[in-house]
Amino acid sequence: MVMDDTSKRISSPSCITHVPQEPEQELILIKFDEGDPRDPQNFTYTRKWAITLTCCVFAGITASSASSYSISYQSMMHDLNCTQLQATVGLSMYVAGFGVVPLISSSFSEECGRRPLYIVSSVLFMLAEVMNALAPNIQLVIVSRTLQGVFGSTGASLVGGSIADIWQPHERGLPMSLFAFSSIFSFGLGSVFGGLIAASPHLGWRWVQWVHVMISGLYVLDVILVMSETRSSIVLNRIARDTRKKTGDPRYRSSAEVDKPSISSLIKTSCTRPIYLLLTEPIVQSFCIWSGFTWGVVYCLLESVTAEFQSVYNFSVSETGFVFLSIIGFVANMYQETLYRKYFPRKAQEARLYMACVAAIVLPVSMFIYAWTASPNIPWIVPLIALTAFMSGVFIIFQVSFLYLADCYGPYTSSAQAGQSLARNFMALIFPLFTQQMFAGMTYKWGLTLWALLSVAMAPIPWVLFFFGSRIRSHSKVSRKILEAEQQQMEMDGEKTVVSSPTEERSVKV
């Protein structure tokens, strides 16, 4: 059967597959042909990197918003006549949005695509920052910070998925390293510019927010001009819709439109599946505990480093911001990619864990050094080196938690990462609320020593997964289901006949 010219123009070079339906209506599935430039994975490298950088910038903006807020506490407390605990609640509510909201908002990318969510969330995030900058009291600051967390998390939680949309698995190492780098480095960068601005008697904490508004405004323009839709199912939906409209033939469908679940069903799944994986999958549980604890300690450091360096070394607020900068972890992750490519044939998914095993040792050692060297009798560079090593370890864990879970859970990656993100941000929500009381009662030395001892207790986690991860997965119900689905898909791909337009052939039932 030969398609007419209109259909040829619309679907070419996409593939056409017949799907028998009841009653006696045969649907025509539209798929991407090999090399189709509309397929996000076939975008040019220039376009892929433009999209990747645009996504990473949003992750950087949301990360810097957390650290720049915390380092400007003193200015805010003086201006709004509030307590440090009240100011800390604003930080915790920001993190709460990152942990909970993506469970719901991720479903909307299935329905609307990624690009609209990036645009809407970046605009609303900017408006929430305006609300924060104009807030007349701490109560409105807390509300605005909550909204910033809600809207910031919606966009930032899509970055890992957007990278997976356009890069092949063997190509994702560098883009994911850049994603982790933008988040962790911007965490430090926010402290730097937040400290510099807050320390000025003519500026203060409100100008920290206004600078964020300016940067977010520029980003809104960037995402509108540069960002393309990266979710292939959404692109195929649009092609199928345009084909139906121009040909008048209602049989044209994308695979996502066949037996399409309702948005309420998607939300229910996205809310429950991460919890299910969190409660039943040892690999997800292990990374949730390890990365969650580490992220909580990072937010404790946000609360303690400023006060400690000011009291011990007489650092100014602006100088304190520089202690969070670290780029060593980025270099380490680049080396990890070399190890992954070399050892993947032998270690499979566990080849992602080489540098994670190193980070498991670096974290407690660096924390012990920082705890016991922050003294007027010891040069400030020593605890600063320890903090740099600690943040580099955090950087490695942040990236590995995305890549390793993606390799292990395939189609359930978003749910596994959402569960891990929920645990990580829950820790970051809780830890700052008792940090000041803990350090007041235990002193900085013994409080940080406690964190170091807990890090020692968690150090075996990546080593156990490195040596026994494949055996653990073999006993996992979800992993077996993923393997069965992959085998079934291979069998289906071998059975069906898919012919590029302009000709169509009947295929076996798919």
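The paragraphs below go through a predicted model, from the whole chain to a few of its residues and surface patches.

The chain has 510 residues, and 55% of them count as buried. Its secondary structure comes to 19 helices and four strands. Contacts between residues at least 6 apart in sequence say something about how the chain is arranged: 77% of them join residues at least 24 apart. The accessible surface of the chain is about 21900 Å². Carbon and sulfur atoms account for 65% of that surface.

Two helices offer examples of buried residues. Leu91 lies in helix α4, which runs over residues 84–112. Leu91 has a relative accessible area of 0%, and because buried means under 20%, this residue counts as buried. Its C-alpha atom is 6.9 Å from that of Ser70, although the two residues are 21 places apart along the chain.

Lys48 belongs to helix α2, made up of residues 45–71. This lysine is buried but has no salt bridge. The nearest side chain of opposite charge is that of Glu171, at 4.1 Å. A salt bridge requires a side-chain nitrogen of Lys or Arg within 4 Å of a carboxyl oxygen of Asp or Glu, so the distance of 4.1 Å to Glu171 does not qualify. Leaving aside residues up to four places away in sequence, Lys48 touches Pro40, Gln41 and Phe43, and also Ile166, Trp167 and Glu171.

The surface holds a patch of positive charge. It is formed by Arg238, Arg241, Lys245 and Lys246. Lys246 is located in helix α10, which covers residues 232–247. With a relative accessibility of 59%, Lys246 counts as exposed, because the cut-off for exposed is over 50%.

A nonpolar patch is also found on the surface. Its members are Ile361, Val365, Ile369, Trp463, Val464, Phe467 and Phe468, and together they have about 620 Å² of accessible area. Two helices, α15 (354–373) and α18 (460–474), each supply at least two residues of this nonpolar patch. Helix α18 gives the most, with four residues. One residue of helix α18 is Phe468. Its relative accessible area is 39%, so Phe468 counts as partly exposed, a class that lies between the limits of 20% and 50%. A residue needs over 30% relative accessible area to be part of a patch, so Phe468, at 39%, meets that condition.

Notes: Residues numbered from 1 in each chain as written. Predicted model: local features only at pLDDT ≥ 70, side-chain atom pairs only at ≥ 80, totals over all residues. Heavy atoms only, no water. Buried < 20%, exposed > 50% of the residue type's maximum accessible area, 1.4 Å probe, protein only. Contact = heavy atoms within 4.5 Å. Areas by Shrake-Rupley, 256 points an atom, 1.4 Å probe, with all protein chains shown as cover. Lys, Arg positive; Asp, Glu negative; His and termini not counted. Patch = residues over 30% accessible without salt bridge, like charges linked within 9 Å, V, L, I, M, F, W, Y side chains within 5 Å. Charge placed at Lys NZ, Arg CZ, Asp CG, Glu CD.
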